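Student: I am new to this structure. Please take me closely through one part of it, the place where the two chains meet.

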Amino acid sequence: MGSHSDDSSAASFVKNPTIKFTKLFINGEFVDSVSGKTFETIDPRTGEVIARIAEGDKEDIDLAVKAARQAFDHGPWPRLSGAERGRIMMKFADLLEEHAEESAALDTIDAGKLFSVGKAVDIPHAVNSLRYYAGAADKVHGKVLKMSRELHGYTLLEPIGVVGHIIAWNFPTTLLFLKISPALAAGCTMVVKPAEQTPLSALYYAHLAKLAGIPDGVLNIVTGFGPTAGAAVSSHMDIDAVSFTGSPEVGRKVMQAAAESNLKLVSLELGGKSPLIIFDDADLDMAAELAILGILFNKGEVCVASSRVYVQEGIYDELVKKLVEKAKAWVVGDPFDPKVQQGPQVDRTQFERILSYIEHGKREGATLLTGGKPMAQKGYYIEPTIFADVKEEMLIAKDEIFGPVMALSKFKTIEEAIKKANSTRYGLAAGIVTKDLNVANTVSRSVRAGTVWINCYFAFDTDCPFGGYKMSGFGRDHGLEALHKYLQVKAVVTPLYNTPWL
Amino acid sequence: MGIHNSDDSSAATTFVIKNPTIKFTKLFINGEFVDSISGKTFETIDPRTGDVITRIAEGDKEDVDLAVKAARVAFDHGPWPRLPGAARARIMMKFADLIEENVEELAALETIDAGKLLSMTKARDIPHAASILRYYAGAADKIHGEVLKMSRELHGYTLQEPIGVVGQIIPWNYPTVMFFLKVSPALAAGCTIIIKPAEQTPLTALYYAHLAKLAGIPDGVLNVVNGLGSGAGAAISSHMDIDAVSFTGSTEVGRKILQAAAASNLKVVSLELGGKSPLIIFNDADVDIAADLALLGFLYNKGEVCVASSRVYVQEGIYEELVKKLVEKAKAWVVGDPFDPKVQQGPQIDKTQYEKVLSYIEHGKREGATLLTGGKSLGRKGYFIEPTIFTDVKEEMLIAKDEIFGPVMALAKFKTIEEAIKRANNTRYGLAAGIVTKDLNVANTVSRSIRAGTIWINCYFAFDNDVPFGGYKMSGFGKDYGLESLHKYLQVKSVVTPLYNTPWL
């Protein structure tokens, strides 16, 4: 059932970082919301209030868009050379690196994420994203076209304009930088609405952005709720594109609002129910590690969590034994404690939702191998939970649970594995564990998902495009592909006279 | 005022009537011509007379369901996506050959259905369709992914995979060109297709279905479901098993499609919508070139072009001379039977459009614009309107803001380059723009400053297969033409695996 970190010294791990920034960041200044309203942000270790944050709504979004529009139409940012934007973004990255501890602590207290992982993974990943796109900014080429008659034609890749970013709470830092970095590189200006569960680090980054030299109005941060500030972004008549990461239900609303308003360009990165397929020839220890990390990393609050695990029968019993062992030894507790491997779920809503799915799993007749209960302590802690003998029709096999709950089942043939892997409306990622080259090639080509990891999992990289197939969304983050969400193609054509050749 | 009608001593105009035999009137699903499930049919009208040409099977939701089923089987299990690109290309090339072999019959169908000039459909539209097919056929075996530059010991690459079953909804102004602009990249990518032609122009699409089968396109890969936007069209945008929808048409309907996609399965959407494209003529322009561009810009295809240069801004130094030439040319423009080789402008597509255009002309008069020529219907059977030029048009006037989609020009004077840019951009649309100048720097400045997807300098309608085409702002998103348009029908999959014992990254 997962083990607790030693409670008696829990107090020593309660680091409460000073919250320096609690207001909206619009046009280079920290301001109260127009309404004066504020909302609470909660510490999931205890359920207590950390701080009150300015609550933005439509009027604040309007102000932010005005500032962003001014900055785009008349300000320096889109008119700088790519190299100059790159310099400022590099400075921003340096500042982010210098303040990694403070940023990671904010995410830990806001989202229950492991402090050590925040410092070692989340923040560096954000830094790398900024640097990657900073380096791309002066390489956003159009093309010269091959015309079939006497014409000279070329394309320009122009920044699309004012962009809205609506981001999720599971990776507050990584997602923010994944969205803003390519948009900044492209020369766009933007309004970011962080998740209401995790507003703290975003406001800190606004401060760093200003220090780095990002001009006023280019990066605006409006904290608030989805139905108010978020909806105002998706339906704004003067936002040219919206990029969203979050649940399919909300993604749908964003797209609908875009359609009803000004037909703004939409990109969606939504949920997943990604399968991890382990073949008989897999290295047992590697497979077990991948499967455990695949579902327990970041307390299961990962869009690409390998929440469905299919194990070929030859290796099944041995693997399951290892999985249960590892799950039982998994340390759940205060995310500031370096010994802990799993912190609390992000809030009460998620906590209750996951527990409800666990109950479904029990009722639906899946076999509970370990876990299945909340931890005894205060806060939103749940035991690492493994269900076996999961059938495709079960809710725990179909719905994205977003918690430390694995749905395990056996398979015989490669065809069966492919069929089961694809029997989902989602298509975000998939993992394959095998030494066989041909199995790897066949299965990677056959699974309908945007990322396929072979003998690894969560192997993200800045140059590697990431995004969904099917109802996991469209549009890519990471890689040069991501720039396309923030660029428009303009074709320029003029006749050629007296030309030696076409 | 107008123009001479070709021939006509009598109101009962004697047309150079060609009534091509209509061979295909049913839906084309899974390789067969079939009636609609409901048995319903709808009329298609000859805009020269308002008479019915023939009745066509009317597809609705149930027919779209059947087509999607066929397309899904063809995609998930059929040969088409599994063929090498080169093999798809061979079949597409054969398809192009068949189009060329049947150009006369196809051109006649297009002319009678849409009122387009026979000389144009024969010399341009139909041959152009064949060239589009060949362009994408040539691309089919060059759809590369990339090998990525990883920052640690990982091997990563991307695959560009066909997105699946694609829905395509096309308008009536270029039935053939639109058909192949949509179908060609989708076929090259390995997708399977349900295409809904505009209800005003169903004829050529069904003929192409027949040719597709002859060319060897496997059953289920290309399905043609005729019907109404509110029936078959809506069924496509909201279908739970269509992976992407590509639409060309009005902004109003484009909005409905995006809404339906969002409400259903979040399918990928691309929209090519309307425009109110500006043509900006500077003092140093060659007056004759400028006059020809401006004239063709609003009269080509009877003004039923999304990129029509419906707003013309002329710098004051050249204004008087240019306007004189424009009015002369407009008055000499021959309006009449599109089958007559002497005619330069046929009828508007149907009664609805005809009345809409005339209504905008009335608005123009009421709003106080100066009517230089035209302004009336030709006053005979069919949907013929005189080439109409308004000047002293102010930005707030409806005729400066709305897309009229007819032979109506809105002309205005300007002083400075900054003023021209400001007025050019003062629109919610952003499809195209034209610039007429000899000055290199003016051309560069203005082309960079106008927010539109295509800029033509000293030319207009200069489309080419390799040039991506599509809108900024509310003219839509996504490109037709060029390699860019393949992206609408592809998905990027990243595949990553660890590297051991590697000499370098």
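Tutor: Start with a term. Two strands count as paired if DSSP finds at least two bridges between them. Strands of a sheet pair through backbone hydrogen bonds, either parallel or antiparallel. Keep in mind that this is a predicted model.

Now the sheet itself. Nine strands form an open sheet, and its pairing is mixed. The order is 6(A)-21(A)-17(B)-16(B)-11(B)-12(B)-15(B)-14(B)-13(B). Read the letters: strand 21 of chain A is followed by strand 17 of chain B. Which strands stand at the edges? They are strand 6 of chain A and strand 13 (370-373) of chain B. Each has a single partner strand, so one side of each is left without a neighbour in the sheet. Neighbouring strands here are turned against each other by 20 degrees on average, direction ignored.

Look at the join between the chains. Strand 21 of chain A pairs with strand 17 (residues 454-457) of chain B. The sense is parallel, and the pairing covers three bridges. At this join, A:Val493 stands opposite B:Trp456.

Go further into chain B. Strand 11 (residues 278-281) and strand 16 (residues 432-436) of chain B also pair in the parallel sense, over three bridges. There B:Ile280 stands opposite B:Ile435. A helix packs on this sheet: helix 13 (residues 417-425) of chain B. Helix 13 touches strand 11, strand 12 (311-315) and strand 15 (408-414) of chain B. Its direction makes about 150 degrees with that of strand 15 of chain B.

A second sheet also has strands from both chains. This open sheet of nine strands runs 15(A)-16(A)-17(A)-13(A)-12(A)-18(A)-19(A)-19(B)-5(B), again with mixed pairing. Here strand 19 of chain A is followed by strand 19 of chain B. Strand 15 (367-370) of chain A and strand 5 (154-162) of chain B stand at the edges. Each has a single partner strand, so one side of each lacks a neighbour in the sheet. Neighbouring strands of this sheet are turned by 20 degrees on average, direction ignored. Inside chain A, five bridges join strand 13 (residues 308-312) to strand 17 (residues 405-411), which run parallel. A:Tyr310 stands opposite A:Ser409 in that strand 17.

Now take the interface as a whole. In contact are 66 residues of chain A and 66 residues of chain B. The area buried between the chains is about 5,100 Å², and carbon and sulfur atoms give 53% of it. Polar contacts cross the interface too: 36 residue pairs, both at pLDDT 80 or more. Several elements of chain A each supply at least two residues to the side that touches chain B, among them strand 6 (151-159), helix 9 (248-260) and helix 15 (437-446). Strand 21 of chain A gives the most, with eight residues. By class, this side of chain A has 36 nonpolar, 15 polar and 15 charged residues.

Last, the charges. Side chains of opposite charge can pair when their charged atoms come close. How many salt bridges are there between chain A and chain B? The count is three. A:Asp461 forms a salt bridge with B:Arg152, where the closest N and O atoms are 3.5 Å apart. Over all chains, the structure holds 69 salt bridges.

Notes:
Residues numbered from 1 in each chain as written. Chains lettered and ligands numbered in written order. Predicted model: local features only at pLDDT ≥ 70, side-chain atom pairs only at ≥ 80, totals over all residues. Heavy atoms only, no water. Contact = heavy atoms within 4.5 Å. Buried area = accessible area lost by both parts, 1.4 Å probe. Salt bridge = Lys/Arg side-chain N within 4 Å of Asp/Glu carboxyl O. Polar contact = N/O pair within 3.5 Å; in protein donor to acceptor, adjacent residues only side chain to side chain. Helix = DSSP H or I, 4+ residues; strand = E, 2+ residues; numbered from the N terminus. Nonpolar A, V, L, I, M, F, W, Y, C, P; charged D, E, K, R; others polar. Axes fitted to C-alpha atoms, helices over the stretch in contact; angles between N-to-C directions.
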